[in-house]
Amino acid sequence: MFFQQQVEHFETLISEVKNIVLNISAKQQKIEKDVQAIKNTIKDNNKKFKACAEAFNQTKIVCEELTERICDAAGVISNL
(Lines give C-alpha, C1' and ligand atoms only; values in the text may rest on other atoms or scores of the structure.)
Protein backbone atom coordinates (compact mmCIF):
# COMPACT_ATOMS: atom_id res chain seq x y z
CA MET A 1 0.00 0.00 0.00
CA PHE A 2 1.28 3.43 -0.95
CA PHE A 3 0.38 5.21 2.32
CA GLN A 4 1.24 2.33 4.65
CA GLN A 5 4.30 4.07 6.10
CA GLN A 6 2.36 7.30 6.74
CA VAL A 7 -0.51 5.35 8.33
CA GLU A 8 1.86 3.51 10.65
CA HIS A 9 3.55 6.77 11.60
CA PHE A 10 0.15 8.35 12.26
CA GLU A 11 -0.90 5.38 14.42
CA THR A 12 2.34 5.70 16.38
CA LEU A 13 1.66 9.39 16.96
CA ILE A 14 -1.91 8.66 18.04
CA SER A 15 -0.62 6.05 20.48
CA GLU A 16 1.87 8.53 21.93
CA VAL A 17 -0.82 11.20 22.26
CA LYS A 18 -3.09 8.67 23.98
CA ASN A 19 -0.36 7.83 26.49
CA ILE A 20 0.28 11.51 27.16
CA VAL A 21 -3.44 12.15 27.71
CA LEU A 22 -3.70 9.18 30.08
CA ASN A 23 -0.67 10.43 32.00
CA ILE A 24 -2.15 13.93 32.26
CA SER A 25 -5.49 12.48 33.33
CA ALA A 26 -3.84 10.44 36.10
CA LYS A 27 -1.96 13.52 37.33
CA GLN A 28 -5.16 15.57 37.24
CA GLN A 29 -6.99 12.97 39.32
CA LYS A 30 -4.16 12.98 41.87
CA ILE A 31 -4.27 16.78 42.02
CA GLU A 32 -8.06 16.70 42.50
CA LYS A 33 -7.65 14.27 45.42
CA ASP A 34 -4.93 16.44 46.94
CA VAL A 35 -7.05 19.58 46.59
CA GLN A 36 -10.01 17.81 48.19
CA ALA A 37 -7.79 16.71 51.08
CA ILE A 38 -6.60 20.30 51.52
CA LYS A 39 -10.21 21.53 51.48
CA ASN A 40 -11.13 19.01 54.16
CA THR A 41 -8.15 20.04 56.28
CA ILE A 42 -9.10 23.71 55.96
CA LYS A 43 -12.69 22.90 56.86
CA ASP A 44 -11.56 20.93 59.94
CA ASN A 45 -9.12 23.67 60.95
CA ASN A 46 -11.86 26.28 60.53
CA LYS A 47 -14.07 24.34 62.96
CA LYS A 48 -11.16 24.07 65.42
CA PHE A 49 -10.37 27.79 65.18
CA LYS A 50 -14.03 28.68 65.75
CA ALA A 51 -14.14 26.41 68.81
CA CYS A 52 -10.90 27.90 70.09
CA ALA A 53 -12.19 31.46 69.59
CA GLU A 54 -15.43 30.60 71.39
CA ALA A 55 -13.53 29.02 74.29
CA PHE A 56 -11.22 32.05 74.49
CA ASN A 57 -14.21 34.39 74.53
CA GLN A 58 -15.91 32.36 77.27
CA THR A 59 -12.69 32.35 79.31
CA LYS A 60 -12.35 36.10 78.87
CA ILE A 61 -15.93 36.66 80.09
CA VAL A 62 -15.40 34.43 83.12
CA CYS A 63 -12.14 36.22 83.98
CA GLU A 64 -13.86 39.60 83.74
CA GLU A 65 -16.70 38.42 85.99
CA LEU A 66 -14.23 36.91 88.44
CA THR A 67 -12.26 40.16 88.51
CA GLU A 68 -15.47 42.09 89.30
CA ARG A 69 -16.38 39.68 92.08
CA ILE A 70 -12.89 39.87 93.59
CA CYS A 71 -13.04 43.66 93.48
CA ASP A 72 -16.49 43.62 95.09
CA ALA A 73 -15.29 41.15 97.74
CA ALA A 74 -12.20 43.27 98.44
CA GLY A 75 -14.45 46.29 98.96
CA VAL A 76 -16.67 44.34 101.37
CA ILE A 77 -13.70 43.06 103.37
CA SER A 78 -12.08 46.49 103.62
CA ASN A 79 -15.36 48.00 104.82
CA LEU A 80 -15.53 45.52 107.74
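## Cysteines without a bond

Let's start with the sulfurs: the count of disulfides here comes to zero. Keep in mind as you look around that this is a predicted model. A disulfide, in general, is a covalent bond between the sulfur atoms of two cysteines.

So why does Cys63 have no such bond? The closest cysteine sulfur to that of Cys63 belongs to Cys71, and at 13 Å it is too far away for a bond. For comparison, a pair of cysteine sulfur atoms has to lie within 2.5 Å to count as a disulfide. Seen from the other end, Cys71 is in no disulfide either, with the sulfur of Cys63 as its nearest cysteine sulfur, 13 Å away. As for its surroundings, Cys63 is partly exposed, with a relative accessible area of 42%.

## The helix and what leads into it

Now for the helix called α1, which takes in residues 4–79. Val7 sits in this helix, and so do Asn23, Val35 and Glu65. Phe2, on the other hand, is found in the segment before α1.

How open are these spots? Asn23 counts as partly exposed, at 42% relative accessibility. Val35 is also partly exposed, and its relative accessibility is 40%.

## Distances along the chain

A few pairs of residues give you a feel for the spacing. Take Phe2 and Glu64: they are 62 residues apart in sequence, and their C-alpha atoms are 93 Å apart in space. Asn23 and Ala73 are separated by 50 residues in sequence and by 74 Å from C-alpha to C-alpha. Then there are Val35 and Arg69, 34 residues apart along the chain, with 51 Å between their C-alpha atoms.

## One salt bridge

How many salt bridges does a search of the whole structure find? The search turns up one. Its partners are Lys30 and Asp34, whose closest N and O atoms are 3.0 Å apart. That fits within the 4 Å allowed between a side-chain nitrogen of Lys or Arg and a carboxyl oxygen of Asp or Glu.

Where do the two partners stand relative to each other in the helix? Lys30 and Asp34 are four residues apart in helix α1, so about one helical turn separates them. Both ends of the bridge are partly exposed: Lys30 has a relative accessible area of 49%, and Asp34 has one of 36%.

## Two patches on the surface

The surface has a nonpolar patch made by Phe2, Phe3 and Val7, which together offer about 350 Å² of accessible area. Is Phe2 buried or exposed? Phe2 is exposed, with a relative accessible area of 71%. Its patch partner Val7 is partly exposed, at 36%. Patch members need over 30% relative accessible area, so Phe2 passes with its 71% and Val7 with its 36%.

There is a charged patch to look for as well. Which residues form the negative surface patch? The members are Glu64, Glu65, Glu68 and Asp72. Among them, Glu65 is partly exposed, with a relative accessible area of 41%. Glu64 has come up already, as the residue whose C-alpha lies 93 Å from that of Phe2, and Phe2 in turn belongs to the nonpolar patch.

Technical notes: Residues are numbered from 1 along each chain as its sequence is written. This is a predicted model: local features need pLDDT of at least 70, side-chain atom pairs count only at pLDDT 80 or more; totals for chains, interfaces and linings use all residues. Side-chain values use heavy atoms; hydrogens and water are left out. Patches are made of residues with over 30% relative accessible area and no salt bridge: like charges are joined within 9 Å, nonpolar side chains (Val, Leu, Ile, Met, Phe, Trp, Tyr) within 5 Å. Accessible areas come from the Shrake-Rupley method with a 1.4 Å probe; for residues, only the protein chains shown count as cover. Helices (H or I, at least four residues) and strands (E, at least two) are DSSP runs, numbered from the N terminus. Buried means under 20% relative accessible area, exposed over 50%, partly exposed in between (1.4 Å probe, protein chains only). Lys and Arg count as positive and Asp and Glu as negative; His and the chain ends are not counted. The place of a charge is taken as NZ of Lys, CZ of Arg, CG of Asp or CD of Glu.
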